[in-house]
Every structure is written in structure tokens, then in C-alpha cells.
Amino acid sequence: MISIDLDAIYIDAIWLAMAFLSGLLMKRLGLPALLGFLATGFILGMSGLTDGNLKQILGPLSDLGIILLLFTIGLKIKIKQLIQPEIWITASSHIIITTLTIGGVLFGVSFLGVRYLADMTLESAMTIGFALSFSSTVFIVKSLEERGEISSRHGRFAIGILVVQDIFAVVFLTVSKSVLPTIWVLALPIYLYVVKMLLDRLLNKSGHGELLTVFGFFAPLIAGALAFDLVDLKYDLGALIIGMLLVNHPRNEELSDRMLSYKDFFLIGFFINIGLSGVPTWSNIIIALCLLVFVVFKGLLFIRIFSFFELRARTNFLTSLHLSNYSEFGLIVGAVAVSNGMIDNDWLTTLAIFMSLSFLLSSPIISRSYELFEKYKDTLTKWNRTSKDIDKQAQISGEAKYVIIGLGSIGLPAYYHLKASFPDDVIGVDYNADKVKTLKAEGCNVVWGDSTDRDFWDESNWDKVDVVVLAMSDYASNFNSMKQINKMKERQFKIAAICHYDDEKEIFEKLNVDYIYDYKTSVGEDFAQHAMEKSRKIIL
């Protein structure tokens, strides 16, 4: 370790510069920026530059980031999604099998005379196995967000699994600390009922400015995390449940968007803090590399268990791929085990390295997930034990001339506008099943479908379609959909897509998009045009 005598302010500057440059480098390599933040933590730890002012606030910053992350997840989850058997049975059985398998292997290897594992007891081995049975909430949600897949079928399955895992975490922490929740936990249902009504009213009165931001911190921190901590329950679970209470509020999307940048910033502290957890030795690195074989095991086990339920092979594969990594919760389990004398403190550093390596391994694979499924589709379909395909792709029958994909704040008004002029010639597509169900009940011609799935384009009839509008609010979904369109043997219809930035526009031009709506520029032009038309009518 290098010892450098620098003032705290200069160390802080080095931290921020390294975090930015490392994140930028990872982005240039096509990897998530969070890997750069992890690397920053390890480099700072090895260099000895750990005495800055930022070191004192990294812990609280990372805790705040996790609380906001789980709160924004809760804003997208309905309780009925968690009680589906493919969620809770898969999560529960996967944790049990993974714990027994990894724990059993480590305990068995300890008899072979490996120095690092020689003193391991069965209890220690099973504790480590349990720590490695969890998937990373932070990594998975960030990956889903970057790819525009939070509301997709596989995105919702993955998040459901994470929530069930979090419930197991609550049980573990309660048992391991020998601290039962207080008697006031019995009043929690009443509290949640009352606080939901209160938060609904407060959110309605919060406006659209800084008060909405303050509400975005108040709800998860005070109403959620603090309240749960007071009754000795996991504080971040409280933030998640408070978010779920607001899932049906008409302003939940606005609130989620408002908190997005704060959440991303605070999570930088989380990843740097992991890297600072300890200076790795060669033994730590070698053991972590050997453990990487369980990343493959974990993914295959998810595929196998999911195959017993009514899932398409593609949904099964994409969900399992996102869950094939290891969680920051492993460090929490490790810390508790160290404090109880169950494992050596050196294991914390090994777990941190292993988790980081699992992120590094998963990132490029997830980025190529669509291509990988298409390449191994036949094999993956054979592994799937069901053929009922409950999330079977929508098929455009050929009756519509205009197809609107993405029924959000942009796509839905576009759908209604076209429907007013061409009531029998427009169809809407969205991969949010709840939204599709609601719109169908209102008499709209809409279907559930995932436009990033090649089957959607290959199995539909596009003969009479004139225009397809890619109106999804996130660039990643529109981009991935356009890549699938370009794989079609031929197409007669025109493509219109939305972009928000010049670099996105350039990419769409290269992908042969026929009409690109530059949102930030075109909104102003459209507004001026409508204002002039209205003014002429008033004058006349």
C-alpha cells in the first residue's frame, strides 16, 4: 500500500475524478459505469487514499441510495405480482438449493487440505452459501433501467424474485442478531393503512417543484425506513413497501422520474464503498475466481426451476440471465457472520471481489442477451418444460395500417389521435400487461407484446401496415426494437421513432429509421404551430 500525505480536500478531488473517469471508461467499453465505481474503490483502497472527507459520508450515502432504489422499485410493483407461484416458489427453492450446494461444496473442499478453507465448519460453509444465494438488487435494477426493461415481463419477474429474497434477508437478520421485532410490529398493518391515505393526500398537494423532491425523500426515509427500523425490521424493506403503497397513485411516474437522478448519484457511494471494504490478497482473488463457477450454476438453476412454470423460453432465459450474479447482501451476511465468529474477517474481502467479478462477467452477457437467445433458441426451448406460453407474443394480424408501440406519455396520445381519424386502422402495443388490460377495458384496440423480441416481428402479418411508431419513452427500448426490425427479410412499412438527443438521432439514422421525432426540438415547433393555428381561429 502506498502512503501519501495529502489534505482531505485533494483526496476528495482524486476520488471524484477517478470515479468519473473510471465510469466513463467502462461506458466506452460498453459496460455499466458502476463497474468503474467498483474499480475506483479497489484502487483507492490499495493506494491508501482513504482519509478524505468523502470516506465519512460514503456509508450514509450508499444507504440512502439503496433506500431510494427500493422505493422507486416499489412504485412499479403490485402485491399481486409477488404471490404468483413462479415468483415465490422459484425464489424460495433457488435459495435453499443454492445454499445447500455452495455450502456443501465449500465444506467438502475443506477436507482436501486447502489452507484458506481448512478451518471451515459446516455452519460457516452454509452461511457463505446463504450469502451467495442472493442476486444483486442494485445491479439488476440498474441493468433493467438502462435497457428499458423495468416494465417488461422478465423485468417484473426478476424484481419479484428480488423482493422475495429480501424477505428471506429480513428473517436471517432477525435470527442471526437474536433480536425479534418489537410487539409494535403487530400494529404495522394499521400503520400502513393510515400512512397510505396520508401519503396519497400529501403527494396530491406537493406540486411539481422542490416540494415533490422533499416528498420523495420523506416518504421512503421517514414513513418507510425509520418506521420499520423502530420495530426492528429491515429499513430498506420499509422503503420498498411504502413505494408499493403508492403504485396506483396517478403521480407515481412523475415521482419516480424526479428521484431517478438522486438515486443514481447516491448509489455511486454504494459501489465505491464495496471496493473500499478491504485490500485484496492473492488468496482472496484466487478463491473469488474459483467461486465464479457458481455464477453459471446459479443461472442454470433459475432456468431449470422456471421451466416448471408457464413461461416462454425467452422470458425464462432473460429473467435467469439478469439474476445470475451475486448480491451486496452477501457482504451484510458476511459482516454478521464475522461478528458472531462464524467466519474469518478475510472472507468479507473475498465476497466483495467475487461480487464485483460476477458483475463484470454478467454485464457483457446481459448486453448481448437478445442475440444469445436467438443463437441458442432451439436448445433453450427444449429445456423449457412447458409449451403453454402464457406470455405468448402478440401477432399483428394484418388488419391495421398504423401500429403504435409503447403506450406511455407519448405513445398513448398518438394512439388516440390516430384512432380519432382512423378508428379501425390503428392498434397499440405495450409490454405492461396491467396497462394493456386497463386500455382494453376502455375499448381500445391494444395488445400485449415485446417489440425487442424477434418473434414479434417474424410471426406477425405486416402486409397492410403502413407505419410503425416506436413511441417508447426510453431510448434503449426503441433502439433494441429497431435492431430487431432490421433483421426482417423485408419490410414495406415506414418507421417513426422518438429521440431526445442528437447522438440518438444519428444512431437512428444509421439504423434506417424513416422519420425521427427530435422530442426536445420538435415539441417547441409543434407548440408554436398549434399556437398560431389557434390564434388564427380566434381572430376569424
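Buried means under 20% relative accessible area, exposed means over 50%, and partly exposed lies in between, with a 1.4 Å probe and protein chains only. These legends describe a predicted model, in which local features need pLDDT of at least 70 and side-chain atom pairs count only at pLDDT 80 or more, while totals for chains, interfaces and linings use all residues. Residues are numbered from 1 along each chain as its sequence is written, and side-chain values use heavy atoms, with hydrogens and water left out.

**Figure 1. The salt bridge between R314 and D453.** A salt bridge is a side-chain nitrogen of Lys or Arg within 4 Å of a carboxyl oxygen of Asp or Glu. In this pair the closest N and O atoms are 3.4 Å apart. R314 belongs to helix α15, and D453 to the loop between β3 (446-448) and α22, so named because helices (H or I, at least four residues) and strands (E, at least two) are DSSP runs numbered from the N terminus. The two residues are 139 residues apart, and the pair links distant parts of the chain. Both R314 and D453 are buried.

**Figure 2. The salt bridge between R312 and D455.** Here the closest N and O atoms are 2.8 Å apart. R312 sits in the loop between α14 (293-306) and α15, whereas D455 sits in helix α22, 143 residues apart. R312 is buried, with a relative accessible area of 9%. D455 is buried as well, with a relative accessible area of 9%.

**Figure 3. The salt bridge between K487 and E374, and a salt-bridge network.** The closest N and O atoms of K487 and E374 are 3.2 Å apart. K487 is in the loop between α23 and β5, and E374 is in helix α18 (residues 369-375); the pair links distant parts of the chain, 113 residues apart. K487 is partly exposed at a relative accessible area of 28%, and E374 is partly exposed at 26%. Through shared partners, salt bridges join R312, R314, K377, D450, D453 and D455 into one network. The search of the whole structure finds 12 salt bridges.

**Figure 4. The aromatic pair of Y326 and F354.** A pair of aromatic rings is described by the distance of the centres and the angle of the planes. Rings of Phe, Tyr and Trp (its six-membered ring) pair if their centres lie within 6.5 Å; planes under 30 degrees apart count as stacked, over 60 as edge-to-face and the rest as tilted. A search of the whole structure finds 17 aromatic pairs. In one of them, the rings of Y326 and F354 have centres 4.6 Å apart and planes at 40°, so the pair is tilted. Y326 lies in the loop between α15 (313-323) and α16 (329-339) and F354 in helix α17 (residues 346-367), so the pair ties together parts that are 28 residues apart in sequence. Y326 counts as buried at 1% relative accessibility, and F354 is buried at 0%.

**Figure 5. The aromatic pair of W462 and F493.** This pair is tilted, with 5.2 Å centre to centre and 40° between the planes. W462 lies in the loop between α22 (454-458) and β4 (467-470) and F493 in the loop between α23 (475-485) and β5 (494-499), so the pair ties together parts that are 31 residues apart in sequence. W462 counts as buried at 8% relative accessibility, and F493 counts as buried at 2%. F456, W457, W462 and F493 form one aromatic cluster.

**Figure 6. The surroundings of N252 in helix α12 (residues 252-275).** N252 is buried, with a relative accessible area of 12%. Its side chain reaches the backbone oxygen of L75 at 2.9 Å. Leaving aside neighbours within four places in sequence, N252 is in contact (heavy atoms within 4.5 Å) with L75, L246 and V247.

**Figure 7. The loop residue N512.** N512 is placed in the loop between α24 (502-510) and β6 (515-518). The phi of N512 is near 70°, a positive value in a residue other than glycine. At 49% relative accessibility, N512 counts as partly exposed.

Key
Polar contact = N/O pair within 3.5 Å; in protein donor to acceptor, adjacent residues only side chain to side chain.
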